[in-house]
Amino acid sequence: MRSIWNGAISFGLVSIPIKLVNATENHTISFRQIHTEDGGRIRYRKVCELEDREVSSAEIGKGWEDADGSIIPITEDDLSHLPIPTAKTIEIVAFVPAERIDPLQMDAAYYLQAGGAPAAKPYTLLREALKRSNKVAIAKYALRGRERLGMLRVVGDAIAMHGLLWPDEVRAPEGVAPDASVTVRDKELDLADALMDTLGEVDLDDLHDEYREAVEELVAAKAAGEEPPEAPAPPSGGKVLDLMAALESSVRAAKESRGEEPSKDKEAEVRSLPQRKQSSRATPKQTDTKKSTSAGTQPRKPTAKSTSATKKTTAKTAAKKTTAAKKTTAKQATAKKTTAKKATARKRTA
């Protein structure tokens, strides 16, 4: 691999000569700009404004535009003699746990290649120290006209460096989250967890760029004078889906795609929400006038059971009154006899 930068890693008093090589490559399909009327290429030419002529890359240098519009030339020699330690050095400033690095800061990735035999021992020392500590190294370096922040970590038997954005280059997520207050039920979370478990993990090597493949098929078809492949019909929209039903259907579909048995439990169907009936609010229910009038004015007719119960109650009451009257009469008769006996006894005594 071709190096894009040569320098050294500064690890305390240890200096490790290295070469910086790209760890990634871009497979994006690039298009050329053309004139739509005749298909001619549209090109951009670098023209000197003072001489009004096109210049080659060898004649092009760097310059700083001042506030008044004047240009101050800056040469590569000027940049190489900047009074900073990171001009040609990756200076390690700290070692931290990898969890401390926010993925939002991650930028381009590079491999650090040992620069010759003298770099083998210190290179291996730094690699093994990073392995044993389970930490990453935070470093500062200068590349392409600016000082940058980097993170060094071990990848296999090599040391990789990820360019990091400076903390003030990461924007805060203001206004991104929904403004409305939303409550998520436990059952919905359980279904989301089940969907995550069903989808499981994936081997990243199995993923590929389907868009690039589709563009390549399109180009091949047009080059051969054939009809380009048609895009699949978009899914029909317009339905308001119930979240629980959508989650359950997603779990079922994920299980079926993996060849698993769907759950025997009754599964909810994805359905559109019912529309409100306007007539139920606008027109109240009409009641039966005859029934309401009859129920309000006429007394209920006595039944056979209620008549029989009334007769029995009346008879019992009459019997009780008769018995009480007889007892009262007997008591009065007894009292008269006792009074008569007492009177007779008094006469005899006299």
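## Helix H2 and its two sides

On the side of helix H2 that faces away from its buried residues, Lys 121 and Arg 132 are exposed, whereas Pro 122, Tyr 123, Leu 126, Arg 127 and Leu 130 of H2 are buried. These buried residues cover an arc of only 140° around the axis, which puts them on the same side of H2. All of this is read from a predicted model.

The helix comprises residues 120-133, and its 14 residues, taken at 1.5 Å a residue, should span 20 Å, which agrees with the 20 Å that separates its end C-alpha atoms. Just after H2, Asn 134 takes a positive phi of about 55°.

## The barrel

Seven strands form a closed barrel in the order E1-E2-E8-E11-E10-E9-E7, and their pairing is mixed. On average, neighbouring strands of this sheet are turned by 40° against each other, direction ignored. Helix H2 lies across E1, E2, E7, E8, E9, E10 and E11, and runs at about 85° to E2.

## Strand pairing around E7 and E9

The parallel sense is found between strand E1 (residues 3-11) and strand E7 (residues 89-97), which pair over three bridges; here Ile 9 has Ile 90 of E7 as its bridge partner. Strand E7 is also joined to strand E9 (residues 135-143), with which it runs antiparallel, by six bridges, and the bridge partner of Ile 92 in E9 is Ala 139.

Strand E9 in turn pairs with strand E10 (residues 146-155) in the antiparallel sense over seven bridges, where Leu 143 stands opposite Arg 146 of E10.

Conventions
Residues numbered from 1 in each chain as written. Predicted model: local features only at pLDDT ≥ 70, side-chain atom pairs only at ≥ 80, totals over all residues. Heavy atoms only, no water. Pairing = 2+ DSSP bridges. Helix = DSSP H or I, 4+ residues; strand = E, 2+ residues; numbered from the N terminus. Axes fitted to C-alpha atoms, helices over the stretch in contact; angles between N-to-C directions. Contact = heavy atoms within 4.5 Å. Expected span 1.5 Å × (residues − 1). Buried < 20%, exposed > 50% of the residue type's maximum accessible area, 1.4 Å probe, protein only. Arc of directions from axis to C-beta.
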